[in-house]
Amino acid sequence: MISLRLIPALLACSVFSETFSTTTASLADCLSNARVPASLPGSSNYKTLSLPYNLRLQYMPAAIVLPTTPQHVSSAVLCAASSKIRVQAKSGGHSYASYSSGGQNGSMVISLESFQTVAVDSKGVAQVGGGARLGNIATGIYNQSKRALPHGVCPGVGIGGHATHGGYWYSSRRWGLTLDTIVALDVVLANGSFIHATSTSYTDIYWALRGAADSIGIITTFYFQTQPAPTSVVNWVYEIPMANPNVAANAFSHIQSFSLNASVIDDKTGLGVTPSPSSFHISGTYHGDEATFRSKIAPEFLRTLPTPSSTTIKTLPWLDSLADMWGSPLPQPLSGYNNHDNFYAKSILVPESTPLTPSALLNFFTYIATNGSATTGWFSELNLLGGPSSRVNNPQGPPSAYSARNSLWVVQNYATVPAAASANGITKPTIDFVKGLNDALGMGYGGYPNYVDPELSPSQAHGVYFSPSVYERLRGIKRTVDPQGVFWNPQAVGT
């Protein structure tokens, strides 16, 4: 375990010095001398490479480093530190707040696009490059070994931020978060050193990376413990009309009771609810046989709900199940990824100890019925994390800096604008609508770190995404491994 003592001189100054400059001349010289591939302002590919996934938040990095080796990453970090430039890694680039673009003008972005390895060993441990995307990871792992990981729903998302801030979808109730499957990490630290962090080596760093890697180091390679993929999965969808907010609130109360009923549901079932002003779109998976789902799970789930307007239940092989849920092909380009959105989102983690109350649900669905039709391009989704046998709340393996181990629901409220209007961005009324969705469910909840909200102040973000004890431990580790605050974004540990 590393020491958390600080050099006394460091105590006299801020860990995050405001003297970090946006001047790129010394940085460019250092990168050139170290033979580190990079795109600088004025380079022919700079405009394309600097374009973030969320077009609402665009920044101009001092340099976009394009490493092909861990040594390139190390040299780039040292160049940034010597030039007093802050650094952020970019895996897939899907940061909701564009923190993978630095979160400000003048940072160094280290793109891990060349780190695409997906290889599974004889023990079922998958070695995955820090720039690999989820669709390619799922396909590569299954095709090599007929094994799988729990991870998110969008095939273009990169593994870096996803795995180090959580990583969930329906299979997470059975297998845990993506983060929970990390058994080792190859990391470049702020001093340029290389380490291999595990539960027995560099244990504090291993703990911190699984929850706050953006503040601690750059992961060039992940090592995940995979699971045998199911032979088949039952994918199911119900479209259910909701006549009014009272009907919707009563319906969700039943779904919530179902989700806590150990006599019916276990870790084989995952589900999510997407409400609109007049209906629920409910989807899920069942890691069992279709006959059991139809005879045991579905009847109790549908009991007391309005009659579905449409029903889809089908048994699919593992990869087909993923593609069906994602609604797009799994394989993603290894370079030149060019998907973008223009959006604002917020999240809520609802504790299992205090589920959503009837009054909160009525308030929420009344807000949707009253305001939802006047706002376009939005969705709200409530996905089940907890409930009986959930491995999200009862993870197997070493502890991590991911704090929310008592969650029943993760709620995402999201609004986007169509491409034709993206130049104007999200309007304030739309942002206020999204905030209103959150507020309608009640105040004081935590949030999901992968749905990072740039509207939060640093102290608000630290309180929303970490427990007080976890955050204080992270601050101590940050002071030790990155005393100059090289790895930084507006909500980084220590800001």
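User: In strand 10, which residue is the bridge partner of Ala184?

Analyst: In this predicted model, Ala184 has Tyr223 of strand 10 as its bridge partner. Strand 8, residues 182-188, and strand 10, residues 218-225, are joined by six bridges and run antiparallel.

User: What makes strand 8 and strand 10 a pair?

Analyst: Two strands count as paired if at least two bridges are found between them, and strand 8 and strand 10 are joined by six bridges, so the condition is met. Both belong to an open sheet of five strands in the order 5-6-10-8-9, with antiparallel pairing. Strand 5 (118-120) and strand 9 (194-197) are the edge strands of this sheet, each pairing on one side only, and neighbouring strands are turned by 15° against each other on average, direction ignored.

User: Which strands does helix 7 lie across?

Analyst: Helix 7, residues 203-212, lies across strand 8, strand 9 and strand 10, and runs at about 95° to strand 8. Because angles of 65 to 115 degrees count as roughly perpendicular, helix 7 is roughly perpendicular to strand 8.

User: Why are strand 1 and strand 3 said to stand at the edges?

Analyst: They belong to an open sheet of four strands in the order 1-2-4-3, where the pairing is mixed. Strand 1 (38-39) and strand 3 (87-90) each have a single partner strand, so one side of each is left without a neighbour in the sheet. Within this sheet, strand 2 (residues 63-65) and strand 4 (residues 108-111) run parallel and are joined by three bridges, with Met108 in strand 4 as the bridge partner of Ala63. Helix 3, residues 70-82, packs on the sheet by touching strand 2, strand 3 and strand 4, and its direction makes about 175° with that of strand 4.

User: Why is helix 11 called roughly antiparallel to helix 12?

Analyst: Helix 11 (residues 358-371) and helix 12 (residues 428-441) pack at an angle of about 155°, with their axes 7 Å apart. Angles over 145 degrees count as roughly antiparallel, and therefore helix 11 is described in that way relative to helix 12. The residues of this contact divide into eight nonpolar, three polar and one charged, including Phe364 and Tyr367 in helix 11 and Asp432 and Phe433 in helix 12.

User: How do you know whether Ser259 is buried or exposed?

Analyst: Buried means under 20% relative accessible area, and since Ser259 has 0% relative accessibility, it counts as buried. Ser259 is found in helix 8, residues 245-259, and, leaving aside neighbours within four places in sequence, Ser259 is in contact with residues including Ile265, Leu384 and Trp409.

Terms used: Residues numbered from 1 in each chain as written. Predicted model: local features only at pLDDT ≥ 70, side-chain atom pairs only at ≥ 80, totals over all residues. Heavy atoms only, no water. Helix = DSSP H or I, 4+ residues; strand = E, 2+ residues; numbered from the N terminus. Buried < 20%, exposed > 50% of the residue type's maximum accessible area, 1.4 Å probe, protein only. Contact = heavy atoms within 4.5 Å. Axes fitted to C-alpha atoms, helices over the stretch in contact; angles between N-to-C directions. Parallel < 35°, antiparallel > 145°, perpendicular 65-115°, else oblique. Nonpolar A, V, L, I, M, F, W, Y, C, P; charged D, E, K, R; others polar.
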